[in-house]
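Me: I would be grateful for a close look at one part of this model, with the surrounding context set out in a connected account.

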Amino acid sequence: NRRRGNEEDDLIDMVKIAALATSLRELGSCNLRCLDFRVVLEENIRQPPISFLCSWFPPPQFLQRCHLYKAFHRVPHWIQQVETLTSLCLKVVELKGDDMRVLSRLPCLAYLDLQVFMVPGMEIIIDSVSFSALKELKLTYGSSTSSLSIEPGAMPKLRIMHLIVFGQAEQDTKSLYGIQHLHSLEDVIITSDYNNVLVSFREALDRHPRIGSIQVCIGASSDL
């Protein structure tokens, strides 16, 4: 734990974090297959300096499961070099530039849990060659700043999609494009605490040619 104002504790934690970074790099260059990294924050406790996770070099070449339960400013670019990844959990403050492309080109990625707090470009675009192996997507993002567009050919194997939409209630009926292109879709969960968001997503789902055979669950977070 790193308590505010305690320089001795800060120094001790910096030494521990440096040792952890060294150990992970050594494991990553050997046979590291699974990494679950969680930072538990309590009142009056500062987040430890774990910036090495933003610029891991050399990246772990055999990593298959990477669940990082801390908020990064942007998608760490070393992730795009880990072509063995099959399962990824990630939180980012901003999704911009080629961040989505970094994730979408991972050739073996089957499960993605992505939480996004801000999208400066106002739109999340999943292009036509994205996520060729993805089977399950959990995407959390803000309704007041973002819409989601899925291009034809994207996520051809996607079976399960869970969209969690937070933020203000301002949302138009064009907030979800292209879900009809997901031909392998079997289960959809839409979570939002605003009725107009749920209505607009329901209308988008109704345009799917296989809507009658898709399991759909739409509701507020307290109901699901």
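Is Arg-65 buried, partly exposed or exposed, and what is its relative accessibility? Please begin there and then continue to the other salt bridges and the largest pocket.

Reply: The model is a predicted one. In it, Arg-65 has a relative accessibility of 31% and therefore counts as partly exposed, since that class lies between the buried limit of under 20% and the exposed limit of over 50%. The side chain of Arg-65 forms a salt bridge with that of Asp-36, at 2.9 Å from N to O. This pair links distant parts of the chain, with Asp-36 in strand 1 (residues 34–38) and Arg-65 in strand 2 (residues 65–72), 29 residues apart. Asp-36 is likewise partly exposed, because its relative accessible area is 40%.

The general background is brief: side chains of opposite charge can pair when their charged atoms come close. The count of salt bridges in this model comes to 6. One of them joins Lys-96 and Glu-94, at 3.3 Å from N to O. Here the two partners fall into separate burial classes: Lys-96 has a relative accessible area of 33% and is thus partly exposed, whereas Glu-94, at 14%, is buried.

A further salt bridge is made by Asp-127 and Arg-105, at 3.0 Å from N to O. It also links distant parts of the chain: Asp-127 belongs to the loop between strand 5 and strand 6 (136–142), Arg-105 to the loop between helix 2 and strand 4, and 22 residues separate them. Asp-127 is buried, with a relative accessible area of 16%, while Arg-105 is partly exposed at 33%. Through shared salt-bridge partners, Arg-101, Arg-105 and Asp-127 form one network.

Helix 2 and strand 5 also appear in the description of the largest pocket. Helix 2 (99–104) and strand 5 (123–126) each contribute at least two residues to its lining, and helix 2 gives the most, with 4 residues. The pocket holds about 230 Å³ of space. Its lining comprises 15 residues, and those nearest the centre are Gly-97, Met-100, Glu-123, Ile-124 and Ile-125. By class, 5 of the lining residues are nonpolar, 4 polar and 6 charged.

On the surface, Phe-117, Met-118 and Phe-166 make a nonpolar patch of about 260 Å². Phe-117 lies in strand 4 (residues 111–118) and, at 40% relative accessibility, counts as partly exposed.

As for the protein overall, 3 helices and 11 strands are present, and buried residues account for 42% of the 224 residues.

Methods:
Residues numbered from 1 in each chain as written. Predicted model: local features only at pLDDT ≥ 70, side-chain atom pairs only at ≥ 80, totals over all residues. Heavy atoms only, no water. Patch = residues over 30% accessible without salt bridge, like charges linked within 9 Å, V, L, I, M, F, W, Y side chains within 5 Å. Areas by Shrake-Rupley, 256 points an atom, 1.4 Å probe, with all protein chains shown as cover. Salt bridge = Lys/Arg side-chain N within 4 Å of Asp/Glu carboxyl O. Buried < 20%, exposed > 50% of the residue type's maximum accessible area, 1.4 Å probe, protein only. 1 Å grid on protein atoms, 1.4 Å probe; cavity = no way out; pocket = protein on both sides within 12 Å on 5 of 7 lines; lining within 4 Å. Points joined across faces, edges and corners; volume = space filled by probe spheres on them. Nonpolar A, V, L, I, M, F, W, Y, C, P; charged D, E, K, R; others polar.
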